[in-house]
Amino acid sequence: MPAPLITLTTDFGTASPYVAAMKGVVLQTNPDVRLIDLSHSLPPQDLRSCSFFLRNSVPYFPDGTLHVVVVDPGVGTDRAILCVDLDKQRLLVPDNGCWTELARAMAVKPEVVKLTETRFCRPFISSTFHGRDAFAPVAGHLSLGVRPHELGPPVESWVDFTLPVPRISAKLFEGEVIFVDDFGNLITNLPGESFLKAFDRILKIQVGEHAVTRTVRTYGEASLGEMVALVSSAGTVEVAEVQGNASHRLGAQAGTPVYIQLYAADERG
Amino acid sequence: MPAPLITLTTDFGTASPYVAAMKGVVLQTNPDVRLIDLSHSLPPQDLRSCSFFLRNSVPYFPDGTLHVVVVDPGVGTDRAILCVDLDKQRLLVPDNGCWTELARAMAVKPEVVKLTETRFCRPFISSTFHGRDAFAPVAGHLSLGVRPHELGPPVESWVDFTLPVPRISAKLFEGEVIFVDDFGNLITNLPGESFLKAFDRILKIQVGEHAVTRTVRTYGEASLGEMVALVSSAGTVEVAEVQGNASHRLGAQAGTPVYIQLYAADERG
Amino acid sequence: MPAPLITLTTDFGTASPYVAAMKGVVLQTNPDVRLIDLSHSLPPQDLRSCSFFLRNSVPYFPDGTLHVVVVDPGVGTDRAILCVDLDKQRLLVPDNGCWTELARAMAVKPEVVKLTETRFCRPFISSTFHGRDAFAPVAGHLSLGVRPHELGPPVESWVDFTLPVPRISAKLFEGEVIFVDDFGNLITNLPGESFLKAFDRILKIQVGEHAVTRTVRTYGEASLGEMVALVSSAGTVEVAEVQGNASHRLGAQAGTPVYIQLYAADERG
């Protein structure tokens, strides 16, 4: 049987010793664990990015993986730490909603426990670094076989976080950029399915002040430097500059509005 | 027997969920695999950097390592995906030439197969993310024992990519910067061997508009802040500022011309 | 028994093939090893950061971990390479003092050996990349069971590096910023214990030219955007902007002076 898998997702960056200390504590608790870095460069305290990130990575992991997430604007407040079971994926997260979009996307009823048994934490819990003092040792214990219900009581309510919801009507899709990837591609919240269905009736696509004139099914249909709209790997509409940086070129970022205007079926020119 | 090793090299960055999703899919296919990050911060779609990177890292790995490389300006076009055997190193790469300099450096005849058996891919292959939908699951299957010939037919031709070749004559070496490392050191394509042979006859070294007056065998011969030429760890001439950033100081980057002018053996002053 | 753990800490960045080549050589020497990235983004050649980093990460690892550290302004000089045993943690480091604060913090007498047996290195040791040619193969051999005394003679003296020491008096604490983390939090060298003892008598906190008016025990006591002083996870005073970047806002960096002025016990207003 392969050693247990624990993934790490933080906004710590890697120039500081924080990620390293967390890895040390997990391994000190269970030297057998296999650690997988998901990201340590999420934008600081940015729940929107974290939510998008988890929704588009966690479901791909094997059953039984434990995902430790420390994007935690509430460190040092009394926000809870939750252990969340989503079918076969388990998460250890701050109670700030970073995981609720993921749960909706996976369409599973979460089983949630609130950490109260501090005996699974380090003896002294600092007020600034719960990653090292609580998340890491608890993750280690879970990987050793501790069951969620041993960590604390089940809870039925928690902080919910929702990514912005688009408005889809017969002649207009209204949404926004919800994530900008490292290439500068703009991932929107407009559903790819609606886009494909309306593909031949698109009149105009607008990102902030800028028009995007080309719609394609794959990058291969467009030329170097062209600005195109297509379906992203997350299943929503993406606006991209072929081998370029759409975010820089359009001055767009998370939150920038995106509109797709359609011809009605009968007025198409 | 240790678990199979798969290395990952991409230009994805780590703020997006792309690397994480790839890791998930590899592990979902073969939970036993050991994943090694080589880099996720190669410059986007930059074949020159990727080519240099692979040539100077892949040969150091143990026999049987599988290297997954997704620097892929052609995603969404009909460029092929290749499985390449170079003696004991195996690569899974887009057919864009990123690996051909490596093959020449290793001086082995490559055995190349083109991926056509999509049953080793994820059921739906998106047009924007072959890393997750093709490379990762195929890598997982290879690590489980699938043989390259099961992936598709052998091929005898592929896209070739060559790093720029220097011109070496009796009194002049003409080359260019082919890679700038994170320290700002300028790695050129001028052969270190020629440099060392001519070491006592060097009249002038020029990087773009700037002269480099000092040639050394190791950094230890120079002082803090001095600009020096010496043999890089890649075996070619490197121009570096001792504990500084030569790229910033000389305004040089990949492509900047580099000249070394020699005295003839008999005209040395 | 789990496979041996080797951690890697460098200032190489990850756009160059240097980290990848080191990983390859370690695994080529011992394919069984488990590699853990601590950081590859330490500021180039910055012993202060490296010293702080090691002191706040190494002690959390399980017994028997080998930590390979290549922050090495002296590469290409005749500085030695040391194998250092600190109780149950082992380090392979350049002899530049990066580890001596750690040893003091762990309060253990180090056992130090100087690498002279080049048969444990790669056959040709380049003058620019000891990470690949000496550190990595020696680490591999140590993980295979080679004993430190086989690497070379024990030594009783080495380069010492000390982080700046604060001055603590009855009415004034004088220190400085010794580390800025990726959030922009300012970690000082002022002891948290003294800060907490004097907590109710603090008259004024100054970072460079700027006053910090709020002292808290946890972030939860302050509001978004407030600038606060509290005890850091390293046990010293930290100055932070709640969910913001104190370094940017105060223009402070490593070396910026920090003062805490106290009321005397009897003159408190």
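## Polar contacts and salt bridges

Between chain C and chain A there are 16 residue pairs in polar contact, both residues being at pLDDT 80 or more; a polar contact is a pair of N or O atoms within 3.5 Å, where within protein one must be able to donate a hydrogen and the other to accept it, and residues adjacent in sequence count only if both atoms are side-chain atoms. Across this interface of chain C and chain A, zero salt bridges are found (a side-chain nitrogen of Lys or Arg within 4 Å of a carboxyl oxygen of Asp or Glu).

The model is predicted, with pLDDT of at least 70 needed for local features and 80 or more for side-chain atom pairs, while totals for chains, interfaces and linings use all residues. Residues are numbered from 1 along each chain as its sequence is written, chains are lettered from A in the order in which they are written, and side-chain values use heavy atoms, leaving out hydrogens and water.

## Extent of the interface

Chain C contributes 32 residues to the contact and chain A contributes 31 residues, with contact meaning heavy atoms within 4.5 Å. The buried area between chain C and chain A is about 2600 Å², and carbon and sulfur atoms give 58% of it (accessible area, 1.4 Å probe, that two parts lose on being put together, summed over both). In chain C, the residues that lose the most area to chain A are C:Y60, C:F183 and C:S233, together 27% of what that side buries.

## Relation of the two chains

Chain C is superposed on chain A by a rotation of 120 degrees with 0.0 Å of shift along its axis, at an RMSD of 0.0 Å; the two copies are thus related as by a three-fold rotation axis. The superposition is by least squares on the C-alpha atoms of residues with pLDDT of at least 70 in both copies.
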